[in-house]
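Let's take a walk through this protein together. Have the sequence and the 3D view open as you read.

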Amino acid sequence: MNRFVIASIAFLSLVPLASAETMRHQYPVQDQVIINLTTEGWAKTDTARVSVFVDLVQQEETADALKTKINSSLEALAKGVDWRITSSSQRLDQTGLNRWYVTAEARIQEKNIAGLQDRAKDASNPGYKVGISNVDFTPSLAEFETLRSKLRADIYTLAVAEATRLNTAMPGQDYHVRMVDFVQQRPVMHMENARAQTMMVKSAADSGGAGASAQLLVSVKQTVSAHVVLGRTEQPLQK
């Protein structure tokens with residue numbers, strides 16, 4: 001009986017060793033180097049996001065006629081741009097007439113910002129006011145994404161260069177890029193500076209005339225970082 005127990009213990013002790021040896025052959029040892037890479041760039045733009053409002057009293061016009069009038073006013077502010085209506089509200093004023101407040105926005109080339117306020121005044125008449133509420137030169141989402149795509153491509157290039165550099169320092173190891181894990185980054189832009197620049201642009205648009213060409217274009221720094229794993233796979237030991 002004792003001899004059977006001793007034999008069983010010896011067999012069970014060998015099982016983990018055998019399993020570890022089997023897994024070593026099935027799943028080769030992984031050797032890796034982990035590095036952090038960062039690159040940066042600037043998102044730039046030559047357009048501004050212009051927000052406007054139309055405050056009007058509906059008299060005898062139909063809804064379609066009002067829509068046509070508003071679209072014509074927006075086109076008078078800047079031709080050939082994609083104006084989007086962002087809000088529309090209706091209420092009764094003290095005289096019982098319908099009063100509409102409509103907001104719209106579009107991205108407009110910098111060269112067409114000058115004189116916006118003058119054109120808004122020209123489009124206005126009693127009971128129908130067109131105004132400029134904001135001019136923001138922050139780059140668009142598409143411009144941000146174009147820059148981020150370039151920065152990610154830079155990270156890939158840097159990762160491959162690091163693998164090449166490691167293989168040069170350690171000949172015969174055949175390291176390659178195993179994983180690139182991007183870290184989420186936000187635009188680097190101080191809000192106070194951005195607000196001041198936006199207000200400066202708004203002031204220039206309000207002034208019309210020569211002063212309206214003195215806007216500051218806003219450039220926003222973007223940083224892209226990634227954890228990069230360089231690895232090689234050892235060949236399984238031959239029996």
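A good place to start is one pair of residues: L56 has Y128 in β5 as its bridge partner. Keep in mind that this is a predicted model. That pair belongs to a longer match, since strand β2 (residues 47–58) and β5 pair in the antiparallel sense over eight bridges. Sitting against these two is helix α3 (residues 116–123), which packs on the sheet and touches both β2 and β5. The direction of α3 makes about 160 degrees with that of β5.

Now look at the sheet as a whole. It's an open one with four strands, in the order β3-β4-β2-β5, and the pairing is antiparallel. The edges belong to β3 (84–92) and β5 (128–136); each has a single partner strand, so one side of each is left without a neighbour in the sheet. From one strand to the next, the twist averages 15 degrees.

Next, head over to another pair of strands. Strand β6 (residues 176–183) and β7 run antiparallel, joined by seven bridges. Here V177 finds its bridge partner, L230, in β7. Strand β7 (residues 220–233) is mostly covered, with eleven of its 14 residues buried.

Finally, step back to see the whole chain. It has five helices and seven strands, and from the N terminus on they run α-β-β-α-β-β-α-β-α-β-α-β. Of the 239 residues, 32% are buried. The accessible surface comes to about 15300 Å², and carbon and sulfur atoms account for 56% of that. As for contacts between residues at least 6 apart in sequence, 81% join residues at least 24 apart.

Definitions and conventions: Residues numbered from 1 in each chain as written. Predicted model: local features only at pLDDT ≥ 70, side-chain atom pairs only at ≥ 80, totals over all residues. Heavy atoms only, no water. Buried < 20%, exposed > 50% of the residue type's maximum accessible area, 1.4 Å probe, protein only. Contact = heavy atoms within 4.5 Å. Areas by Shrake-Rupley, 256 points an atom, 1.4 Å probe, with all protein chains shown as cover. Pairing = 2+ DSSP bridges. Axes fitted to C-alpha atoms, helices over the stretch in contact; angles between N-to-C directions.
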